[in-house]
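This briefing is written to be read alongside the sequence and the coordinates. Please keep both in view while going through the points.

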Amino acid sequence: MRRKIAALVSMIALVGLVALASISLTEQRSKAAPAYQPQTREFLMVAGEWDTTLKKDVRDRGVARKTGDKLERYTFDPGFIAVYRGDTVVLKIHALKGDEHDVDIPAFGAHIDKKELQRGMEATVRFVANKSGLHRVFCTIHDEAYASKDRPEIGKKKGDLVGGPMVGHILVLDPPR
Ligand SMILES: [Cu+2]
């Protein structure tokens, strides 16, 4: 009799364990990864400058430059950022080098006017990065930012970006799953 009771008790215990295990498995399965919650991502950027005085004649992006000429290049620093699609991007841009700059991000219709980015000023642009892919951030004020006419000698058409660079890049990634 005792044996029977013991067998019965262990049978009940076993059934109970199996039931518990299956409940916890079901729970785990139903806990799918939560959908990505878009975030606000803020970046501090500066307008930086590189320059040099030539020690010999060079071709500077298709243009002849002489010994003694000064070459200047302006950059956004950092010049490359990555966010997830759906994130709100806040770029705080500090104009440290160069008298003035502007900011144009055609992919997101975002813009800072040059009046807001005179030397020493900081301006903010904010947008929702709602398109995946690699997008460009331009400063358009520099003489050679865009070709003003077709430049077959360097393979560029009117309106193509030839100079600067004052070009940054924003990589918008598909949200993690
Ligand atoms: Cu600029």
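In what order do the elements of the protein run from the N terminus on? The model, which is predicted, begins with the helix and continues through strands alone, in the pattern α-β-β-β-β-β-β-β-β-β-β-β, so that the count comes to one helix and eleven strands. Of the 177 residues, 14% count as buried, and among contacts between residues at least 6 apart in sequence, 62% join residues at least 24 apart.

**The four-stranded sheet**

- Four strands form an open sheet with mixed pairing, in the order β4-β1-β6-β9.
- The edges of this sheet are β4 and β9, each of which pairs on one side only, and neighbouring strands are turned against each other by 20° on average when direction is ignored.
- As a general point, strands of a sheet pair through backbone hydrogen bonds, and the sense may be parallel or antiparallel.
- Strand β1, covering residues 40–53, pairs with β4 in the antiparallel sense over eight bridges, and within that pairing G48 has T75 of β4 as its bridge partner.
- On the pairing of β1 with β6, the sense is parallel and there are again eight bridges, with V46 standing opposite H94 of β6.
- Strand β9, residues 122–128, runs antiparallel to β6 and is joined to it by seven bridges, where K92 stands opposite T124 of β9.

**The two faces of β6**

- In a regular strand the side chains alternate between the two faces of the sheet.
- Strand β6, residues 88–95, has a covered face made up of V89, L91, I93 and A95, whereas T88, V90, K92 and H94 lie on its uncovered face.
- Two residues of that uncovered face, K92 and H94, also appear in the pairings above, K92 opposite T124 in β9 and H94 opposite V46.

**The surroundings of V172**

- Is V172, which lies in strand β11 (residues 167–173), buried or exposed? V172 is buried, because 22 other C-beta atoms lie within 10 Å, where 20 or more are required.
- Leaving aside neighbours within four places in sequence, V172 is in contact with V83, R85, A129, K131, S132, G133 and H135.
- For one of these partners, H135, the separation along the chain is 37 residues, while the C-alpha atoms of V172 and H135 are separated by 7.8 Å.

**A cis peptide bond**

- The peptide bond from D77 to P78 is cis, with an omega near 5°.
- P78 is placed in the loop between β4, residues 70–77, and β5, residues 80–84.

Technical notes: Residues numbered from 1 in each chain as written. Predicted model: local features only at pLDDT ≥ 70, side-chain atom pairs only at ≥ 80, totals over all residues. Buried ≥ 20, exposed ≤ 12 C-beta atoms within 10 Å, placed from the backbone. Contact = placed C-beta atoms within 7 Å. Pairing = 2+ DSSP bridges. Axes fitted to C-alpha atoms, helices over the stretch in contact; angles between N-to-C directions.
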